[in-house]
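Thanks for agreeing to look through this one with me. Here are my notes, in numbered points, to read beside the model.

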Amino acid sequence: MQPAEAQYRVVVNGIPLGLDATIRLTQNDQDYQLHFQIENRLFQHEEIATFRWHDCSARPYHYRHASAGFGMRREGEIRFDWKQGEAQGSKAVYPLVENALDALSVAMMARCNMARGDTAFSYQVAEPDGMTHYQYRSLGEETLETPRWRVGCSQHREGLP
């Protein structure tokens, strides 16, 4: 996988919601970091996942999320100790299941399932308070038209691989 960054502006029925989202994939040696951020004047949300990637398989090591806005604040964190087989969540410590993911590295795995044409898939996901199960199924295909990428003087936008 190549490092990449994509920026989005959320628009519903042609009406801008004032939300900007950025997702950035970076690499440091064999580890990858996926950073997702949404923000506007009233709301902020950030997720960061660090994982190892091999043959369409993620092995997470650390995950953190934080949200604030509309009078609420939520945050959580997980450290994956694969040698001990333990997830050290900010709300609980519990055994890891084989191939456990975090809530953000799921997106990396899902892109592989979709590229293979899988119509249904599921993952065991570590949360700050314990394991949960994410299930996905295809509802069909839709073709989207998007504007071409623009290159500015000081910034370059790329799509995720």
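The points below go from the overall fold to the strand pairings, the helix, the disulfide and a few individual residues.

1. Please keep in mind that this is a predicted model. The protein chain has one helix and ten strands, and along the sequence these follow the pattern β-β-β-β-β-β-β-β-α-β-β. The C-alpha trace spans about 45 × 40 × 35 Å along its principal axes. Of the 161 residues, 32% count as buried. Taking contacts between residues at least 6 apart in sequence, 33% join residues at least 24 apart.

2. A good place to start is the pairing of strand 5 (58-69) with strand 6 (residues 72-81). These two run antiparallel and are joined by eight bridges. One pair to look at is Arg64, whose bridge partner in strand 6 is Glu77. The hairpin has two residues between the strands, and Phe70 takes a positive phi near 55° there. Since Phe70 is not a glycine, I would be glad if you looked at that turn yourself.

3. Strand 6 also pairs with strand 7 (residues 86-89), again in the antiparallel sense, over four bridges. Here Asp81 stands opposite Glu86 of strand 7. The hairpin of strand 6 and strand 7 has four residues between the strands, and Gly85 has a positive phi near 65°. The C-alpha atom of Gly85 is separated by 8.6 Å from that of Glu98, with their positions 13 residues apart along the chain. Glu98 lies in the loop between strand 8 (93-95) and helix 1, and at 58% relative accessibility it counts as exposed.

4. Which residues of helix 1 are buried? They are Ser105, Val106, Met108, Met109, Ala110, Cys112 and Asn113. Spacings of three and four places are worth tracing in that list, because an α-helix has 3.6 residues a turn and residues three or four places apart point the same way. The cover over the buried residues of helix 1 includes strand 2 (15-28), strand 3 (31-39), strand 4, strand 5, strand 9 (120-127) and strand 10 (130-137). Just after the helix, Gly117 takes a positive phi of about 85°.

5. Helix 1 also holds one end of a disulfide, and the structure has one disulfide in total. Cys56 and Cys112 form it, with their sulfur atoms 1.8 Å apart. The pair links distant parts of the chain, 56 residues apart: Cys56 sits in the loop between strand 4 (43-53) and strand 5, while Cys112 belongs to helix 1 (residues 105-115). The torsion about the S-S bond is about -85°, so the disulfide is left-handed.

6. Are the two cysteines buried or exposed? Cys112 counts as buried because its relative accessibility is 5%, under the 20% limit. Cys56, at 30% relative accessibility, counts as partly exposed.

7. Next, a look at Glu47 in strand 4. Glu47 is buried yet has no salt bridge, and the nearest side chain of opposite charge, Arg74, is 9.7 Å away. What does the side chain of Glu47 meet in a polar contact? The partner is the side chain of Tyr63, at 2.6 Å. Leaving aside residues up to four places away in sequence, Glu47 touches Leu34, His35, Phe36, Tyr63, Arg64, His65, Ala103 and Leu104. Arg64 in that list is the residue bridged to Glu77 in point 2.

8. Asp102, found in the loop between strand 8 and helix 1, is a second case of this kind. Asp102 is buried and has no salt bridge, and Arg59, the nearest side chain of opposite charge, is 11 Å away. Where does the side chain of Asp102 reach backbone nitrogen? It reaches that of Ser105 at 2.8 Å, and a polar atom of the side chain also lies 2.8 Å from the backbone nitrogen of Leu104. Beyond residues up to four places away in sequence, Asp102 touches Ala49, Pro60, His62, Tyr63, Phe80, Val125 and Ala126. Tyr63 is thus a contact of Asp102 and of Glu47.

Notes: Residues numbered from 1 in each chain as written. Predicted model: local features only at pLDDT ≥ 70, side-chain atom pairs only at ≥ 80, totals over all residues. Heavy atoms only, no water. Disulfide = S-S within 2.5 Å. Buried < 20%, exposed > 50% of the residue type's maximum accessible area, 1.4 Å probe, protein only. Pairing = 2+ DSSP bridges. Lys, Arg positive; Asp, Glu negative; His and termini not counted. Salt bridge = Lys/Arg side-chain N within 4 Å of Asp/Glu carboxyl O. Polar contact = N/O pair within 3.5 Å; in protein donor to acceptor, adjacent residues only side chain to side chain. Contact = heavy atoms within 4.5 Å.
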